[in-house]
Amino acid sequence: AGPPGGVRFELPDLVEADGEGGKAGGAEGGKTVEGEGRKPTCVIVLGMAGSGKTTFVQRLTSELHARGSPPYVVNLDPACREVPYPANIDIRDTVKYKQVMKQYQLGPNGGIVTSLNLFATKFDQVLDLVAKKDNEFVIFDTPGQIEVFTWSASGSIITEALAAQFPTVVVYVMDSVRSTSPVTFMSNMLYACSILYKCKLPFIIAMNKIDVVSHQYALDWMQ
């Protein structure tokens with residue numbers, strides 16, 4: 001049982017939440033029926049507030065569904081009102097953000113950090129669920145405030161726990177509209193480099209919103 005005040009630690013039983021019934025059975029330690037020893041690839045989506053992380057996850061999820069390889073999606077943002085994709089595991093089902101703020105007398109960012117910390121204490125249950133699935137990809141949508149995840153203890157615990165058991169990739173979503181200035185662009189690149197050297201995982205930069213502003217300027221600068 002969790003501490004008084006309504007903050008729950010129990011992760012809901014979501015083994016059958018994606019509607020696959022018993023198809024996910026028979027997998028032990030990340031092994032699948034189709035490919036023995038094959039493990040799902042974990043994709044951790046990071047980015048500055050407003051860069052379009054959640055929309056990116058929604059489009060990526062939709063594309064993978066269209067290709068016949070639906071991903072297992074995990075929402076790690078406790079403060080969002082709703083998500084535009086089917087989340088198999090949602091931190092909001094486990095930790096109530098507003099109750100955490102009230103119980104511990106925290107502000108918005110402190111509430112997000114504490115909610116993540118509480119969720120991280122039971123992250124082994126998430127790993128067990130992911131290992132039993134036969135999805136090719138597991139996508140993690142992170143909180144809007146990037147520093148809450150990248151520089152907190154819970155963010156490191158979650159990232160390292162995933163990397164220890166599964167192939168893990170970090171996708172850094174960059175806002176093309178806000179990065180047209182060389183100063184802003186270099187700030188984004190330096191932040192991306194700091195995350196790369198901190199987590200030491202395969203790293204991809206995804207330039208978002210290129211339908212609004214072409215990303216060609218960034219390619220020209222990098223060349």
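Reader: Looking at contacts in the protein chain with a separation of 6 or more, what percentage comes from residues 24 or more positions apart?

Author: It's 73%, where a contact means heavy atoms within 4.5 Å. Before we go on, this is a predicted model, where local features need pLDDT of at least 70 and side-chain atom pairs count only at pLDDT 80 or more, while totals for chains, interfaces and linings use all residues. Numbering runs from 1 along each chain as its sequence is written, and side-chain values use heavy atoms, with hydrogens and water left out.

Reader: What makes up the protein chain, in helices and strands?

Author: There are eight helices and six strands. These are DSSP runs numbered from the N terminus, with helices being H or I over at least four residues and strands being E over at least two. Along the sequence the pattern reads β-α-β-β-α-α-α-β-α-α-β-α-β-α.

Reader: How do the six strands line up in the sheet?

Author: The order is E3-E2-E4-E1-E5-E6, in an open sheet with parallel pairing. Two strands pair if DSSP finds at least two bridges between them.

Reader: What makes E3 and E6 edge strands?

Author: Each of them pairs on one side only.

Reader: And how do you know that E4 pairs with E1 and with E2?

Author: Count the bridges. E1 (residues 41-47) and E4 share five, in the parallel sense, and E2 (residues 72-75) is joined to E4 by four, also running parallel. Both counts satisfy the "at least two" rule, so both are pairs. If you want to find them in the model, Cys 42 stands opposite Val 138 in E4. Over on E2, Tyr 72 has Val 138 as its bridge partner, and Val 74 has Phe 140.

Reader: Why is E4 called mostly covered?

Author: Four of the five residues in E4 (residues 137-141) are buried. Buried means under 20% relative accessible area, exposed means over 50%, and partly exposed is in between (1.4 Å probe, protein chains only). For the protein chain of 223 residues, 44% count as buried.

Reader: What covers the buried residues of H4?

Author: The cover includes E2, E3, helix H3 (108-120), E4 and helix H6 (153-165). The buried residues of H4 (residues 123-132) themselves are Phe 123, Val 126, Leu 127, Leu 129, Val 130 and Ala 131. Phe 123 also forms one aromatic cluster with Phe 119 and Phe 140.

Reader: Talking of aromatics, how many aromatic pairs are there?

Author: Five. Rings of Phe, Tyr and Trp (its six-membered ring) pair if their centres lie within 6.5 Å; planes under 30 degrees apart count as stacked, over 60 as edge-to-face and the rest as tilted.

Reader: What makes the pair of Tyr 172 and Phe 203 stacked?

Author: Their ring centres are 6.2 Å apart, which passes the 6.5 Å limit, and their planes sit at 25°, under 30, so the pair is stacked. This pair links distant parts of the chain: Tyr 172 is in E5 (residues 168-175) and Phe 203 in E6 (residues 203-208), 31 residues apart. With a relative accessible area of 0%, Tyr 172 is buried.

Reader: And why are Phe 185 and Trp 221 called edge-to-face?

Author: Their planes are at 65°, over the 60 cut-off, and their centres are 5.3 Å apart, so that's edge-to-face. Here too distant parts of the chain are linked, from Phe 185 in H7 (residues 182-199) to Trp 221 in H8 (residues 216-222), 36 residues apart. Phe 185 has 4% relative accessible area, so it counts as buried. Trp 221 has 40%, so it falls in the partly exposed range.

Reader: How do you know that Asp 77 has no salt bridge?

Author: A salt bridge needs a side-chain nitrogen of Lys or Arg within 4 Å of a carboxyl oxygen of Asp or Glu. For buried Asp 77, the nearest side chain of opposite charge is Lys 53, 7.1 Å away, so the cut-off isn't met. (Lys and Arg count as positive, Asp and Glu as negative; His and the chain ends aren't counted.)

Reader: What does Asp 77 touch, then?

Author: Not counting residues up to four places away in sequence, Asp 77 touches Ile 91, Arg 92, Asp 141, Thr 142, Pro 143 and Gly 144. Asp 77 is in the loop between E2 and E3.

Reader: Why is Pro 84 called partly exposed?

Author: Its relative accessible area is 48%, which lies between 20% and 50%, so partly exposed is the right label. Pro 84 is in the loop between E2 and E3 (89-90). Leaving aside neighbours within four places in sequence, Pro 84 is in contact with Thr 54 and Gln 58.
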